[in-house]
Amino acid sequence: MSGRDPAIRISAMPADTNAYGDIFGGWLMSMMDSAAGLTAARYSHGRAVTVAMDGMQFHQPVKVGDEVSVYTNMVKTGTSSMTIDVEAWRRERHRDTAVKVTQATFTFVAIDENGRPRPIKG
């Protein structure tokens, strides 16, 4: 993923793992949702909420100490909605090469102070 800045970069910690030392899938999904949420808020210039996520498959495990980088790409916008492709990559702590762990597409809707959909500010 050279040449792109991640929306989020974080180290996987022991509290985020199961008894075998693998990171919980829910933790990784949360990081992906957070990264997409940052992208949606920046693009819409305000609050945005997750309304959908397509299915995801895990291609590689993430271990304690791995650096996890989450990349986002805005692929479609509507009046109030945004579709964002998200990829999660892992890099072992002492290596230079990263591998893709999973990907998903998230849909967000920009909302106003009353929680109602609002037009995205251009």
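Which residue in E4 does Ser 69 stand opposite? Ser 69 stands opposite Trp 89, and the views below place this pair in its surroundings.

The model is a predicted one, in which local features need pLDDT of at least 70 and side-chain atom pairs count only at pLDDT 80 or more, whereas totals for chains, interfaces and linings use all residues. Residues are numbered from 1 along each chain as its sequence is written, and side-chain values use heavy atoms, with hydrogens and water left out.

**View 1. The whole chain, with one helix and five strands.**
Read along the sequence, the elements follow the pattern β-α-β-β-β-β, where helices (H or I, at least four residues) and strands (E, at least two residues) are DSSP runs numbered from the N terminus. The C-alpha atoms fill a box of roughly 45 × 30 × 20 Å, taken along the principal axes. Of the 122 residues in the chain, 36% are buried, a word that stands for under 20% relative accessible area, with exposed meaning over 50% and partly exposed lying in between (1.4 Å probe, protein chains only). The accessible surface comes to about 7100 Å², of which 49% belongs to carbon and sulfur atoms; such areas come from the Shrake-Rupley method with a 1.4 Å probe, and for residues only the protein chains shown count as cover. Among contacts between residues at least 6 apart in sequence, 68% join residues at least 24 apart, a contact being heavy atoms within 4.5 Å.

**View 2. The open sheet of five strands, in the order E1-E3-E4-E5-E2.**
The pairing in this sheet is antiparallel, and two strands are said to pair if DSSP finds at least two bridges between them. E1 and E2 stand at the edges, each with a single partner strand, so one side of each is left without a neighbour in the sheet. Neighbouring strands are turned by 30° against each other on average, direction ignored; axes are lines fitted to C-alpha atoms, for helices over the stretch in contact, and angles run from 0 to 180 degrees between N-to-C directions. Helix H1 lies across E1, E2, E3, E4 and E5, and runs at about 50° to E5.

**View 3. The two hairpins, E3 with E4 and E4 with E5.**
Strand E3 (residues 67–77) and strand E4 (residues 81–91) run antiparallel and are joined by 10 bridges, with three residues between them in the hairpin. Besides the pair of Ser 69 and Trp 89, this ladder includes Lys 76, whose bridge partner in E4 is Thr 83. E4 is in turn joined to strand E5 (residues 98–110) by 11 bridges, again in the antiparallel sense, and six residues make the connection of this hairpin. Here Glu 87 has Gln 103 in E5 as its bridge partner.

**View 4. Arg 9 in the edge strand E1 (residues 8–11).**
E1 pairs with E3 over four bridges in the antiparallel sense, and one of the bridged pairs is Ile 10 with Val 68. Arg 9 counts as partly exposed because its relative accessibility is 48%. Not counting residues up to four places away in sequence, Arg 9 touches Glu 67, Val 68, Ser 69 and Tyr 71. The side chains of Arg 9 and Ser 69 are joined by a polar contact of 3.1 Å, that is, a pair of N or O atoms within 3.5 Å, of which, within protein, one must be able to donate a hydrogen and the other to accept it, while residues adjacent in sequence count only if both atoms are side-chain atoms.

**View 5. Two loop residues, Thr 17 and His 45.**
Thr 17 lies in the loop between E1 and H1 and counts as buried because its relative accessibility is 14%. A polar atom of the Thr 17 side chain lies 2.8 Å from the backbone oxygen of Pro 14. Leaving aside neighbours within four places in sequence, Thr 17 is in contact with Asp 22, Ile 23, Phe 24 and Val 64. His 45 belongs to the loop between helix H1 (25–44) and strand E2 (48–53), and has a positive phi of about 55° although it is not a glycine.

**View 6. The largest nonpolar core, with 25 residues.**
Such a core is a set of buried Ala, Val, Leu, Ile, Met, Phe, Trp, Tyr and Cys residues joined through side-chain atoms within 4.5 Å. Leu 28, Met 32, Val 70, Met 82 and Phe 108 touch the most other members. H1, E3, E4 and E5 each supply at least two residues of this core, and H1 gives the most, with seven residues.
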